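Grab a pencil and work through these exercises with the structure open beside you. Try each task yourself before you read the solution.

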2 protein chains.
Amino acid sequence: MEEAATPRLTRSQRRRRTEERILARARELFAESGYERTTIRAVAARAGVDPALVMQYFGAKDELFRRAVAVSTEEVADGGPERLVERLLAAVGVKLGEQPPSSLALLRSMLTHPEATEHVRTSISGQLAHIQATIPGEDAELRAALIVATLFGVTLGRHLLDLDALRDVPPERIAALLRPAFTALAEGQATSDATGR
Amino acid sequence: MEEAATPRLTRSQRRRRTEERILARARELFAESGYERTTIRAVAARAGVDPALVMQYFGAKDELFRRAVAVSTEEVADGGPERLVERLLAAVGVKLGEQPPSSLALLRSMLTHPEATEHVRTSISGQLAHIQATIPGEDAELRAALIVATLFGVTLGRHLLDLDALRDVPPERIAALLRPAFTALAEGQATSDATGR
DNA sequence: GTCTATAAGCAGATAGAC
DNA sequence: GTCTATCTGCTTATAGAC
């Protein structure tokens, strides 16, 4: 419509790029330091823009965080009960490979940022319900919860606590060791007399 | 030495009591909201004292936090390899019973407060080394790490994320379901071919 | 459209009155 | 010894100049 000299990128394209860059840097910082310790100023500095611009684009810090963690909701692949353990181990592989920064950002703040807590709780409940549905027996819910908790603990230990014993281990080795444990949880019989009573 | 009217509590006793009360309330708040969101003012308000008094006693917020989480380093009871699983399950019972507020305060901030992260990492490494020493085979370290991670995940899910599926379950039931899984991790053989390669 | 300047609020910490 | 009043610094957020 106008006589613009057709720049290589239109304004809206440039805007989108800048926005994406800010978001990427925000994810990094949220993943490193959590919600509270991450400042708009630091995000802006790392993205090479003015702090006011971040506010202009995202309105408020809450909103920036929400956008930064928005992507991350995974699903455990569907399937019959007999292949459950294999699918779980595949999930282990995924969780222990490269985790997307958006997930790490969410996990990092999950214990201290109420909204993040709720997000994680919902996500876990979803996985749990899904696994539960393919486990037989009346202990299904608890068994599913223990499986999810294990997955959870390993992911945390590796990516957020950086435990030496987990950090540099190939996912396949972990999956191999976890297989009998998951099998026991998913299919095994409960042993009574846990307390020696 | 002096003519004091022997009050029911000496000044130093009163002081110690007040200090303990502040510490207890601080633990509660740190456990609920984490380090960042807990303010000296809020601690003082809950303890019914003046904010300046808290500073007087503890000097700085960091120091208050350090004192609040100081107590919590547990040990997995010692013993030979053959009883390892039973000792682990006993630890489950402990971890799933009432957790001391100092532990919860530490755990709540473990992902976002660098000092807390380090504290937890050290504590976990200690447990890990201990368990590792009683597991045979060359996978000992990794197996121990997976056991600790599981314990960790369950504790977190129950006490900090308040997962419905874990919150109200008697520790004995959880221990019973966990036994075969721990046995598999502590004594079982690794199955190869985790990736289907 | 982008940035400068600044407002407004809240935190931890301090100095000094009582 | 305990509290009042305040300082200093840092944050998010806004208003307005360029």
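The exercises below use a predicted model, and they go from the pairing of the protein chains to the DNA strands.

**Exercise 1. Work out how chain A and chain B are related by rotation and shift.**

Step 1. Look for the movement that lays one chain on the other. A rotation of 180° does it, with 0.0 Å of shift along the axis.

Step 2. Check the fit. Chain A lands on chain B with an RMSD of 0.1 Å.

Step 3. Put that into words: the two copies are therefore related as by a two-fold rotation axis.

Step 4. Now ask which surface each copy uses. Both use the same one, since 100% of the contact residues of chain A turn up again in chain B.

**Exercise 2. Describe the contact of chain A and chain B: how many residues does each chain give, and how much area do the chains bury between them?**

Step 1. Count residues. Chain A brings 55 to the contact, and chain B brings 55.

Step 2. Turn to area. About 4700 Å² is buried between chain A and chain B, and 71% of that is on carbon and sulfur atoms.

Step 3. Find the residues of chain A that lose the most area to chain B. They are A:Leu111, A:Leu161 and A:Leu177, which together make up 17% of what that side buries.

**Exercise 3. Find the salt bridges and polar contacts between chain A and chain B, then say which helices of chain A touch chain B.**

Step 1. Start with the charged pairs: there are 4 salt bridges between the two chains. One pairs B:Arg37 with A:Glu36, whose closest N and O atoms are 1.9 Å apart.

Step 2. Add the polar contacts. Across the interface, 12 residue pairs qualify, with both residues at pLDDT 80 or more.

Step 3. Go through the helices of chain A. H1 (11-37), H6 (101-108), H7 (114-132), H8 (140-160), H9 (164-167) and H10 (171-187) each supply at least two residues to the side that touches chain B.

Step 4. Sort that side of chain A by class, and you get 32 nonpolar, 11 polar and 12 charged residues.

**Exercise 4. Say which residues lie around DNA strand C, and what part of the strand they meet.**

Step 1. List the neighbours by chain. From chain A come A:Arg11, A:Asp50, A:Ala52, A:Leu53 and A:Tyr57. From chain B come B:Thr38, B:Thr39, B:Ile40, B:Arg41, B:Met55, B:Ala60 and B:Lys61.

Step 2. See what they meet. Of the atoms of DNA strand C within 4 Å of the protein, 71% belong to sugar and phosphate.

Step 3. Pick out polar atoms. Backbone atoms reach phosphate oxygens of DNA strand C in two cases here: B:Ile40 at 3.3 Å and B:Lys61 at 2.9 Å. A base nitrogen of the strand is 2.7 Å from a polar side-chain atom of B:Arg41.

Step 4. Name the elements. Helix H3 (51-58) of chain A and helix H2 (40-47) of chain B give two or more residues to this surface. H3(A) gives the most, with 3 residues.

Step 5. Sort by class: 6 nonpolar, 2 polar and 4 charged.

**Exercise 5. Do the job again for DNA strand D: which residues are around the strand?**

Step 1. List them. Chain A offers A:Thr38, A:Thr39, A:Ile40, A:Arg41, A:Met55, A:Ala60 and A:Lys61, while chain B offers B:Asp50, B:Ala52, B:Leu53 and B:Tyr57.

Step 2. Look at the strand's side. Sugar and phosphate make up 68% of its atoms within 4 Å of the protein.

Step 3. Go to the phosphate oxygens of DNA strand D. A backbone N or O atom of A:Ile40 is 3.0 Å from one. Side-chain atoms take part as well: B:Asp50 has a polar one at 3.5 Å, and B:Tyr57 has an N or O atom at 3.4 Å.

Step 4. Name the elements. Helix H2 (40-47) of chain A and helix H3 (51-58) of chain B give two or more residues, and the largest share, 3 residues, comes from H3(B).

Technical notes. Residues numbered from 1 in each chain as written. Chains lettered and ligands numbered in written order. Predicted model: local features only at pLDDT ≥ 70, side-chain atom pairs only at ≥ 80, totals over all residues. Heavy atoms only, no water. Near = heavy atom within 4 Å. Polar contact = N/O pair within 3.5 Å; in protein donor to acceptor, adjacent residues only side chain to side chain. Helix = DSSP H or I, 4+ residues; strand = E, 2+ residues; numbered from the N terminus. Nonpolar A, V, L, I, M, F, W, Y, C, P; charged D, E, K, R; others polar. Least-squares fit on C-alpha atoms with pLDDT ≥ 70 in both. Contact = heavy atoms within 4.5 Å. Buried area = accessible area lost by both parts, 1.4 Å probe. Salt bridge = Lys/Arg side-chain N within 4 Å of Asp/Glu carboxyl O.
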